[in-house]
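User: Please take a close look at the sheets of this model, together with the cavities and the pocket, and describe how they are built and lined.

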Amino acid sequence: MTRRERRRAKKRGPGAAPAGADPVDGILRVALGHHRAGRAAEAAALYERILQQRPGHADTLHLFGILHAQTGRLEGALPLLTRAVRKAPRNAGFLSDLGSALRGLGRHDEAIAHYRRAAALDAGNANVRYNLGHALRAAGRADEATGWLRKALAIQPDHGPALLELGRALLDLGAAEEAVAAFRQAVAVDDGAASAHSDLGNALRETGALEEAEASLRRAVALAPEHAAVHANLGNVLQDLNRTDEAEAAYREAIALDPEHAIAHANLGNALKRLGREDEAVASLERALELRPENATYRANLGMVHVARGDAAAALASFGFAAAQRHGSALAPAVLTGRQPERPAVPVAPFKLQHDAEQIRRLCNAGRIDASFGRVAESYERILAALPADARPEAPVALQATDWRRIAAAYNRPLHLPEAPAAADAAVNPDLDAAAIESAYRESAPNLVVVDDFLSRDALERLWQFCLDATVWYQVKQGYLGAYLVDGFATGLALQIADELRARLPGIFGRHRLEQLWAYKYDSRLQGIATHADFAAVNVNFWVTPDEANRDPASGGLVIHRAHAPTDWAFRTYNADSARMAAFLAEAGEEPVTVPYRQNRVVIFDSDLFHRTDDLDFRPGYENRRINVTMLFGDRSER
């Protein structure tokens, strides 16, 4: 060191930055020390001091943005992190942290874009790939999310958060067994992580392994007794195990820990309904709706409690509100010409487009809706005409942006909602021999009875016309359309039919209450529902389309197997696992019962019996579509 350098060092004093060093670096090191030690105020003061001197200092902008995010101030973090990225656009860490702030604000598409840029810049970064997978799942793109999460795990197999998020994405996709495997790996990585045990319990519940699910959730409760969510999840499994009193206690513990836990309030309401405490159930569900007023499912569940209380008016009000939340209010013609908010394009099934086009034509021709809606039908028809000749009616197609814009305002929106009030007289045919029907049901093995002339002629005609006219067929299934209570199928007439069934046939329904009600409308070119069983105790299935539509009077109805769904199978197994059901029925080896289609014929049977739609051969044309109404009563545990 020269004499001049020694004199300068003496003037700077001990610990000063060496000659030529940036003084900001020293301040930044001190700030970062405060930051890491949790002294947020001290760190913030120094970050601000640096930015006063160097407004574009990228590292300080980034760290100050991170501090804002860590202290719950995402809106404040966003401009700092954005400026940091502008200063260092190729810094993968900066891009990823900006993506996380955007994800926290619910701006998932922007977050995904930043994560993609970060992933392209840093091929070996597992965290970036995890973050991208997390954002994709939050945006409802679970299938794509699994690919990125697997890439993160290929880089770092013991990445616990990636394992958890992969399991959750797999659950979203219905792959419960694969989800269980991912969660087991997460538990193996960190056996002390309550979230891993809780998620494992949830996945095991989906597979029907309820006892093992309970064990996992009790482990989660032991690890994190202060977490409301794990108590609520335990309550769900206890409900499935029909230990409803214990489920109630678990939900109440969750609520005590977090009084604003909406899911716990809602599921407590469901448990109280099962316990026959409807007034308390109403209070719990109303509290859930205070916390989450946008949740249509909670409102529909409240409607079912009102059904159990016998308050049809309150039930219809709840279902109507839920339907409006899900699908909007009745559409005015002006919506076709006014500027509308963008609706994301969705793949659409051709048979759904054809149904809607034919229904709109019918309503326009009958003067039930404004003739201007005919332009929507024309748009549907143009789309259908442009499809390849080999396009399958049930296979969803992605529409061009211009085609989607032509129908988006009206697609799956209520164009016409006619009323179907309760009948002034009996809706169920008063001439039916109730005693003979009950006796036939009880003495059959398995429990099954077929009854013709089920409804009064007036009730049948009004219900059929409602099914033809009401634009409530929103749910696109594999070859048929569904309308549920929460979609607008809740009518005074439908609830009246359910009430009269219970009153007229107590020997069949006993204490079983209506639990669900829907209608399905089929396409004449396609087949109906595959083999399955339902979650109820008693299934009621009746048909409303005139017999002239059915070209084969020996078929078109129901095929009901004599075998019951095993009581230890989960709902997903006995309702959707076709391979397992086929193997089970092949081993059972009994010939099924075939009930041919007839208008106004009702089939009442043990809901645990496997059944499917019989082969269909109905005439083409809108009014010839096969329509059935299904009502489910009670719970399968009450059989």
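Analyst: What follows treats the two sheets and then the enclosed and open spaces.

This is a predicted model, in which local features need pLDDT of at least 70 and side-chain atom pairs count only at pLDDT 80 or more, while totals for chains, interfaces and linings use all residues. Residues are numbered from 1 along each chain as its sequence is written, and side-chain values use heavy atoms, with hydrogens and water left out.

Seven strands make up an open sheet in the order β1-β8-β5-β10-β4-β3-β2, with antiparallel pairing; strands (E, at least two residues) and helices (H or I, at least four residues) are DSSP runs numbered from the N terminus, and two strands pair if DSSP finds at least two bridges between them. In general, strands of a sheet pair through backbone hydrogen bonds, either parallel or antiparallel. The edges of the seven-stranded sheet are β1 (448-451) and β2 (475-476), each of which pairs on one side only. Within this sheet, β4 (residues 514-522) and β10 (residues 627-633) are joined in the antiparallel sense by seven bridges, and Leu517 has Met631 of β10 standing opposite. Helix α25 lies across β4, β5 (538-543) and β10, and runs at about 50° to β10; contact here means heavy atoms within 4.5 Å, and axes are lines fitted to C-alpha atoms, for helices over the stretch in contact, with angles from 0 to 180 degrees between N-to-C directions.

The other open sheet has three strands, again with antiparallel pairing, in the order β7-β6-β9. Because β7 (593-595) and β9 (609-613) stand at the edges with a single partner strand each, one side of each is left without a neighbour in the sheet. On average, neighbouring strands of this sheet are turned by 20° against each other, direction ignored. Strand β6 (residues 558-564) runs antiparallel to β9 and is joined to it by four bridges, with Arg612 in β9 as the bridge partner of Val559. Helix α28 (residues 578-588) lies across β6 and β9, at about 75° to β6.

A search of the whole structure for enclosed space finds two cavities of 30 Å³ or more. On a 1 Å grid over the protein atoms alone, a cavity is a set of points where a 1.4 Å probe fits but cannot get out, whereas a pocket is an open set with protein on both sides within 12 Å along at least five of seven lines, and lining residues have an atom within 4 Å of a point. Grid points are joined across faces, edges and corners, and a volume is the space filled by probe spheres set on the points.

The second largest cavity has a volume of about 60 Å³, and its lining includes Val451, Arg504 and Val602. The elements that give two or more residues to this lining are α23 (434-443), α25 (492-504) and β8 (602-606). By class the lining has 10 nonpolar, no polar and one charged residues, where Ala, Val, Leu, Ile, Met, Phe, Trp, Tyr, Cys and Pro count as nonpolar, Asp, Glu, Lys and Arg as charged, and the others, Gly among them, as polar.

The largest cavity holds about 110 Å³ of space and is lined by 13 residues, with Lys352, Asp356, Gln359, Arg413 and Thr471 nearest its centre. Helix α20 (residues 350-365) gives the largest share of that lining, five residues, and the lining as a whole divides into six nonpolar, four polar and three charged residues.

Among the open spaces, the second largest pocket contains about 420 Å³. Its lining of 23 residues has Gly320, Leu417, Pro418, Gly488 and Ala490 nearest the centre, and helix α19 (residues 312-327) gives the most to it, with six residues.
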